[in-house]
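Here is a quick tour for someone meeting this structure for the first time. Have a look at it, then read on.

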Amino acid sequence: MIKVLENNKKVRYNKKEYQKSKGRKMIQKKRIFIIFILILSLLTIFSGTCRAISDPISDPNAYKPGGINPNEANVVTSKAGIIFNVISTLGIIIAVITIIIIGIKYMIGSVEEKAEYKKTMIPYLIGVVLIGSISGILQLIANLAANIE
């Protein structure tokens, strides 16, 4: 088996190392799949059911948009804010812990493993920046919208 390193040098390694790296990739794919299923199941569990009081198709006059009670809107906004804060905080914590673990593995690993960890660390760093910036931007928009009223 031949492996190409970052400096375009070809290195031979044995079948066990190849199978070990292939096994790591499979474990990583399984983890991503499990996380995807977990998120999907949480969305399914916590999604609410929407029921129409009257059928707007059979009686179009029954649907009258507007008339939203400001108290109800504030309750929904506050609950959505709490949920958003919890999710963004958990996302940032999990992402930072993951980067710390990869960083420790990078410091301990051999030269070949360091090259591999560099490749895996870049998407995690981009993810942390996206999670932090998106939550910050959304909070800024929410604050600006609150000041308009």
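Among contacts in the chain (heavy atoms within 4.5 Å) between residues at least 6 apart in sequence, 48% join residues at least 24 apart. This is a predicted model, where local features need pLDDT of at least 70, side-chain atom pairs count only at pLDDT 80 or more, and totals for chains, interfaces and linings use all residues. Residues are numbered from 1 along each chain as its sequence is written, and side-chain values use heavy atoms, leaving out hydrogens and water.

Reading along the sequence, you meet the pattern β-β-α-α-α. Helices (H or I, at least four residues) and strands (E, at least two) are DSSP runs, numbered from the N terminus.

How much of the chain is buried? Of its 149 residues, 8% are, where buried means under 20% relative accessible area, exposed over 50%, and partly exposed in between (1.4 Å probe, protein chains only). Here are two residues to look up:

| Residue | Place | Relative accessible area |
|---|---|---|
| Ser21 | helix 1 (residues 15-46) | 17%, buried |
| Ile141 | helix 3 (residues 111-148) | 48%, partly exposed |

Ser21 sits 9.9 Å from Glu116, C-alpha to C-alpha, though 95 residues separate Ser21 and Glu116 in sequence.

Now for a ring: Lys114 lies over the face of Tyr106, 5.6 Å from the ring centre. That label needs NZ of Lys or CZ of Arg within 6 Å of the ring centre and within 35 degrees of the ring normal.
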